[in-house]
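Subject: Structure handover

Hello,

Here is the structure I promised to pass on. Please open it alongside this message.

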Amino acid sequence: DNTLYTGICTNVERRMKEHFSKNKKCAKYTKFHDAEKLMAVWESENRILASKLEFRIKQLTRKEKDELIDKINEIINKQ
């Protein structure tokens, strides 16, 4: 449905499998919105910082989130 989900986890592969399979551990959001692909990942020193980053990203508009993802992809593609 062209929406973006933002969340935190300790194991990205496991969490994505939960979202894609819509098993009992998937997020409530992804039970009702099909997860299609992972757009971006950030690592954090600890859960507190991860939660702060998650909160800040959730405050962004869709346009700002798209711009952030584009900038990250641009940096990755330059390497």
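Below is what I found, from the whole chain down to single residues.

First, a caution: this is a predicted model.

**Overall**

The protein chain has four helices and zero strands. Along the sequence the pattern reads α-α-α-α. The C-alpha trace spans about 35 × 30 × 25 Å along its principal axes.

The chain has 79 residues, and 18% of them are buried. About 6700 Å² is exposed, with 51% of that supplied by carbon and sulfur atoms. Take the contacts between residues at least 6 apart in sequence: 50% of them join residues at least 24 apart.

On charge, the chain carries 18 positive and 13 negative charges. Their mean positions lie 7 Å apart.

**Helix 1**

Helix 1 covers residues 12–21, and Arg15 sits in it. Is Arg15 buried or exposed? The cut-off for buried is under 20% relative accessible area. Arg15 comes out at 17%, so it counts as buried.

What does Arg15 touch, once neighbours within four places in sequence are set aside? The contacts are Tyr5, Cys9, Lys25, Cys26 and Ala27.

Arg15 has company: Met16, Glu18 and His19 of helix 1 are buried too. These four cover an arc of only 155 degrees around the axis, so they lie on the same side of helix 1. Helix 2 (28–32) is part of what covers them. The face turned away from that buried side carries Glu13 and Lys17, both exposed.

**Helix 4**

Helix 4 runs over residues 62–78, which is 17 residues. At 1.5 Å a residue it should span 24 Å. Its end C-alpha atoms are 25 Å apart, so the two values agree.

Which residues of helix 4 are buried? They are Lys65, Ile69 and Ile72. Their arc around the axis is only 60 degrees, which means they sit on the same side of helix 4. These buried residues pack against helix 3 (47–59).

Now turn helix 4 around. The face away from its buried side carries Lys63, Lys71, Ile75, Asn77 and Lys78. Those residues are exposed. Note the isoleucines when you look: Ile69 and Ile72 are buried, whereas Ile75 is exposed. The lysines split as well: Lys65 is buried, while Lys63, Lys71 and Lys78 are exposed.

**Where to look**

Start with Arg15 and its contacts, Tyr5 and Cys9 among them. Then go to helix 4 and the packing of its buried residues against helix 3.

Best wishes

Notes
Residues are numbered from 1 along each chain as its sequence is written. This is a predicted model: local features need pLDDT of at least 70, side-chain atom pairs count only at pLDDT 80 or more; totals for chains, interfaces and linings use all residues. Side-chain values use heavy atoms; hydrogens and water are left out. Helices (H or I, at least four residues) and strands (E, at least two) are DSSP runs, numbered from the N terminus. Buried means under 20% relative accessible area, exposed over 50%, partly exposed in between (1.4 Å probe, protein chains only). Contact means heavy atoms within 4.5 Å. Accessible areas come from the Shrake-Rupley method with a 1.4 Å probe; for residues, only the protein chains shown count as cover. Lys and Arg count as positive and Asp and Glu as negative; His and the chain ends are not counted. The place of a charge is taken as NZ of Lys, CZ of Arg, CG of Asp or CD of Glu. The expected span of a helix is 1.5 Å times one less than its number of residues. The arc is that of the directions from the helix axis to the C-beta atoms.
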